[in-house]
Amino acid sequence: MKILIDIELQQFTIGTLIKELSPTAEQEMPAFLTSLEIDSLSVWFDTDTKDYNFDCKTKFSIDNVELDLLLRIKHHKGNSKLLYAGTLTIGNQQFTLSFGTNKELLLASYRPDTALEKIDVKQLIAELSPDAAAEMPNLKIDIEEIVFAYQTGESKFMLAFDLGLDLDIAKLPVVGSEFRKYNMGISSFWAVAASKVFSLQEINDINDQLSKSGPALGALAIHKGFTLIATLNIGSDSCQLCLPNPVLNELLSLNSEEDGSSESGNGAGSPAELPAQPLGNTAWFDLNKSLGPVHFERVGVQYKEGELWFLLDATLSAAGLTLSLDGLALGSPLTEFNPKFRLYGLGIDYQDWPLTIGGAFLEQTITENHTHFKEYDGAAVIQMDNFTLSAIGSYAKYKGATSLFIYAVLDEPIGGPAFFFVTGLAAGFGYNRSITMPAISQVATFPLIEQAQSGSASNLTAELDSLHTYIPPSIGEDFLAVGVKFTSFELINSFALLIVSFGHRFELDLLGLSSAVIPTPVEGETTPPLAEMQLALKAAFIPSEGFLGVQAQLTSKSYILSQYCRLTGGFAFFSWFKDDPSTGADGGDFVLTVGGYNPHFHVPPYYPTVPRLGFLWHINDNLSLNGALYFALTNTAIMAGGRLEANWHSGSIKAWFVIGADFLIFWKPHHYDAEIYVDIGASYTFHFFGTHRISIDAGANLHVWGPKFSGTAHIHVSVISLTVSFGATPLHSLAPIPWHTFKSSFLPGTVCSIAVQGGLERTSNDHDGVKRFIVNPSDFKLATNAIVPSKTLNGTPPSPPPPDISLNDDFGIASMGITSSELHSDHHITMQKMDDENTPPTWEDVTSDFVYTPVLKNVPQGLWGAADTSGEVKPVNVNNHNLIKNTLAGVTITPKPELKPDVTHDIQRKKLKYDTSIYHPVFSWASDDSLAESTLTADIATLDQLFGSGATTAKNDGLFTAFDVDIMPTIDSAYGNELLLKRVVEIGV
């Protein structure tokens with residue numbers, strides 16, 4: 001039984017109580033505690049063991065701040081030694097007291113009950129000393145443990161916060177695996193606030209007591225103020241990184257705009273302590289340690305934006321190759337333990353004559369679809385005596401997969417004929433990388449083109465930034481790139497790059513750049529060139545999208561006569577052989593243009609944008625000229641035109657003229673539409689009681705059409721204008737063209753072709769020159785393709801192909817005045833089989849043995865648009881560039897599938913297992929005596945007739961002869977009677 005006794009005491013000290021309990025135990029208690037007066041005393045007495053526990057509540061003062069202290073004194077019967085325990089309350093935390101051999105040291109520790117607890121450092125120190133708190137940073141940190149130490153001799157205290165950081169260098173990106181075999185990292189991290197300096201001996205005393213309950217602080221002196229202490233492990237060695245208050249003032253920006261002191265304040269520090277060298281917002285410690293192939297030059301501690309980082313200046317060296325790890329760092333926010341690892345870049349250096357390799361790869365943080373990942377992009381140069389190889393590359397871990405890209409350029413003459421003299425090669429590949437083709441206007445700055453042209457990155461940062469834009473990671477996408485750099489007669493320098501992309505889709509692209517300087521520059525001469533031209537080329541073939549496109553365009557570097565006379569212009573040919581829902585392009589559409597389109601043409605959004613073929617010449621500050629030409633061919637018309645403009649000004653006087661023409665020429669029946677214009681003007685501006693302008697402007701616009709040449713002319717002079725009409729009225733209808741004109745103008749010699757699409761093994765030529773196709777019948781597939789769309793197949797409307805698409809038979813020949821109902825076209829197919837065993841060989845019709853699947857295509861309105869019911873031929877609308885969709889253009893021919901024998905369904909083995917269930921019999925055998933023989937007389941007579949009659953025997957003989965059976969079965973009548981009588985079944989219940 002335990003008995004509790006509460007006692008209120010006055011002017012009764014702890015020392016007095018101890019002396020009363022055990023006169024010999026007084027020296028075991030820290031001296032400064034013995035003088036504390038007891039406010040209240042609780043005595044616990046165990047009547048069974050005769051042991052006493054005394055709980056003494058008292059006040060403990062630091063810098064005139066009183067703290068609640070509870071001291072428990074345990075006295076065991078028969079033992080004169082007293083045991084001490086207790087708690088010290090600081091703020092809202094209760095610290096557990098610890099007693100050691102140092103009688104002037106009071107030590108207490110606090111651990112959260114569960115997870116990490118966030119502590120306000122400044123506020124907790126203010127509970128002890130407001131003066132000391134004024135020098136502390138405003139930090140709220142997660143802690144695993146807080147250690148409180150009070151030295152009575154000098155009346156000083158210390159709070160040490162264990163942040164629980166455990167950072168393993170093996171978790172570093174890219175190079176972490178190289179450190180995995182070693183013990184490398186930050187094993188402990190403390191933030192310490194001290195009111196005065198604690199010597200190394202005092203810290204050792206604290207560590208002696210801490211070792212019983214938790215991790216030690218480390219073997220170094222603690223400076224006044226706020227100090228960060230970290231233990232860095234490098235293999236079997238470890239060292240202490242100590243950042244005293246003067247350095248932290250700079251790192252933590254405690255002094256605002258003032259410079260922090262560079263004093264390291266080592267004091268009586270241990271030799272294991274490294275001196276800090278503050279630089280910017282980082283304090284550096286010299287290490288100069290090697291571990292295997294890794295050499296650590298120094299380590300830095302950086303505090304930035306609430307995060308504490310440990311920076312490692314390290315290199316990896318092996319067999320002459322040195323890999324510098326730039327920006328190698330590990331850290332965590334101080335507000336919570338959230339380990340982070342980073343590597344800003346890799347530097348490569350290899351020197352082993354005659355080979356030299358140098359390069360750098362920089363880290364980039366990429367955000368894609370709210371996902372962040374690290375990417376390392378860079379460039380390298382490989383040099384030998386006779387050549388230099390430059391390369392760019394990129395590496396990333398993307399969605400758990402490795403993504404890699406490498407592209408190298410050899411910039412050395414190789415040789416060849418004068419018109420194709422190879423001066424360099426390029427090659428590269430991308431693994432789990434997609435490649436985005438640049439717009440034609442950006443080909444010259446595309447990183448793979450720019451790298452090949454310059455031989456090295458002229459602006460490495462910009463070029464690396466563009467790598468992710470054009471060559472981003474993409475799982476399942478790969479590409480190969482091969483390029484050649486060449487000259488033609490030393491006049492034209494060109495580079496062509498072929499790129500093959502595969503993975504989710506197949507794509508073939510060609511990028512190129514050609515430059516010419518006239519006359520060719522000669523070394524040592526400074527004569528300015530007469531002209532310089534640079535042409536960018538882009539071609540793409542995407543089978544899955546049914547697209548073929550070729551573009552060429554002059555770049556901004558092109559000029560003639562003067563660098564102020566800039567040349568512009570482009571060429572494009574686009575063709576779609578499948579509908580592309582993503583762009584709205586129709587299969588069968590096409591466009592070819594040089595310099596753009598007619599101003600009245602509404603350009604579809606999927607058509608290429610092409611600048612005018614022309615020049616812009618700023619002759620001087622007074623005079624400028626510009627001119628432009630264009631030509632285009634679409635599925636409705638031919639377009640052509642041009643424009644010339646001049647502007648002159650001097651002071652208040654201006655003058656100008658503009659002349660131009662735009663032509664539209666349509667398919668047969670031939671008709672055209674053209675506009676020609678000219679404008680001349682001048683103006684004078686003067687200032688007299690305000691600003692005034694006097695101008696005169698004269699011009700003419702001529703609009704003509706035909707045939708039957710007609711048009712209008714509009715003439716204007718300033719505010720006076722006059723319009724004159726001539727020729728026929730506006731064009732409403734045209735004369736239809738005959739069939740032979742339509743056929744010779746628009747249809748080739750062969751209007752239908754056939755090709756083997758599957759099963760072709762080889763081809764051979766007979767002695768008479770006839771070409772034979774050897775095909776595998778199991779994969780046999782033919783395809784027909786007709787220029788003329790059809791409405792029926794073998795005389796009947798074809799079944800729609802899968803997926804179910806409605807066949808369009810609403811078309812005619814508008815240029816001939818033929819309506820849809822008047823046009824009849826049939827795609828007729830006959831399949832024959834030759835029997836060469838007969839002389840002469842015979843042919844058997846096997847058309848019904850094949851399957852015919854329709855192939856639907858889009859055809860131009862200009863060719864196959866239907867005339868209206870009036871039969872008139874209307875002028876073509878240039879903006880009606882829609883196609884007639886889903887007309888029958890051919891069929892695919894495959895053999896009918898062979899009938900295959902059916903198979904039974906799978907039966908699970910367990911259903912065939914042995915079953916012990918008992919079933920009641922549903923039948924029983926009757927005895928021979930149970931049936932009277934007389935009741936079977938008629939049946940026996942029937943059997944005798946069946947097996948014994950002559951007609952039946954003859955039929956049986958013929959049946960067995962047909963099956964080539966020599967043994968004829970016979971049934972004896974007696975045996976038949978016996979067979980019938982032996983097994984008569986009586987059905988039971």
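**Exercise 1.** Work out whether Asp411 is buried, partly exposed or exposed.

*Solution.*
- Step 1: get the number. The relative accessible area of Asp411 is 34%.
- Step 2: compare it with the cut-offs. Buried means under 20% relative accessible area, exposed over 50%, partly exposed in between (1.4 Å probe, protein chains only).
- Step 3: give the verdict. Asp411 is partly exposed.

Before you go on: this is a predicted model, where local features need pLDDT of at least 70 and side-chain atom pairs pLDDT 80 or more, while totals for chains, interfaces and linings use all residues. Residues are numbered from 1 along each chain as its sequence is written, and side-chain values use heavy atoms, leaving out hydrogens and water.

**Exercise 2.** Find out which parts of the chain the salt bridge between Asp411 and Lys485 ties together.

*Solution.*
- Step 1: check the contact. A salt bridge is a side-chain nitrogen of Lys or Arg within 4 Å of a carboxyl oxygen of Asp or Glu. For Asp411 and Lys485, the N to O distance is 3.6 Å.
- Step 2: place both ends. Asp411 sits in the loop between strand 27 (401-410) and strand 28, and Lys485 in strand 29 (residues 473-488), so this bridge connects parts 74 residues apart in sequence. (Helices, H or I with at least four residues, and strands, E with at least two, are DSSP runs numbered from the N terminus.)
- Step 3: look at the cover. Lys485 counts as buried because its relative accessible area is 17%.

**Exercise 3.** How far apart in sequence are the parts tied together by Asp586 and Lys885?

*Solution.*
- Step 1: confirm the bridge. The side chains of Asp586 and Lys885 meet at 2.6 Å, N to O.
- Step 2: locate the partners. Asp586 is in the loop between strand 36 and strand 37, while Lys885 belongs to strand 55 (residues 883-895), so the parts joined here are 299 residues apart.
- Step 3: class each end. Asp586 is buried at 11% relative accessibility, and Lys885 is partly exposed at 31%.

**Exercise 4.** Which residues are joined into one network by salt bridges that share partners?

*Solution.*
- Step 1: name the members. Glu154, Lys156 and Glu202 make up the network.
- Step 2: zoom in on one link. Glu202 and Lys156 form a salt bridge of 2.9 Å, N to O. It links distant parts of the chain, with Glu202 in helix 5 and Lys156 in strand 11, 46 residues apart.
- Step 3: check burial. Glu202 and Lys156 are both buried. Other buried residues of helix 5 (residues 200-210) include Ile203, Ile206 and Leu210.
- Step 4: step back. The structure holds eleven salt bridges.

**Exercise 5.** Sort two aromatic pairs, Phe541 with Phe577 and Phe780 with Phe850, by the angle of their ring planes.

*Solution.*
- Step 1: learn the rule. Rings of Phe, Tyr and Trp (its six-membered ring) pair if their centres lie within 6.5 Å; planes under 30 degrees apart are stacked, over 60 edge-to-face, the rest tilted. The whole structure has 22 such pairs.
- Step 2: Phe541 and Phe577 have centres 6.2 Å apart and planes at 35°, so they are tilted. Phe541 lies in strand 32 (residues 531-542) and Phe577 in the loop between strand 36 (570-576) and strand 37 (590-594). Both ends are partly exposed: Phe541 at 29%, Phe577 at 43%.
- Step 3: Phe780 and Phe850 are edge-to-face, with 6.2 Å between centres and 70° between planes. This pair ties together parts 70 residues apart in sequence. Phe780 is buried at 15%, and Phe850 is buried at 17%.
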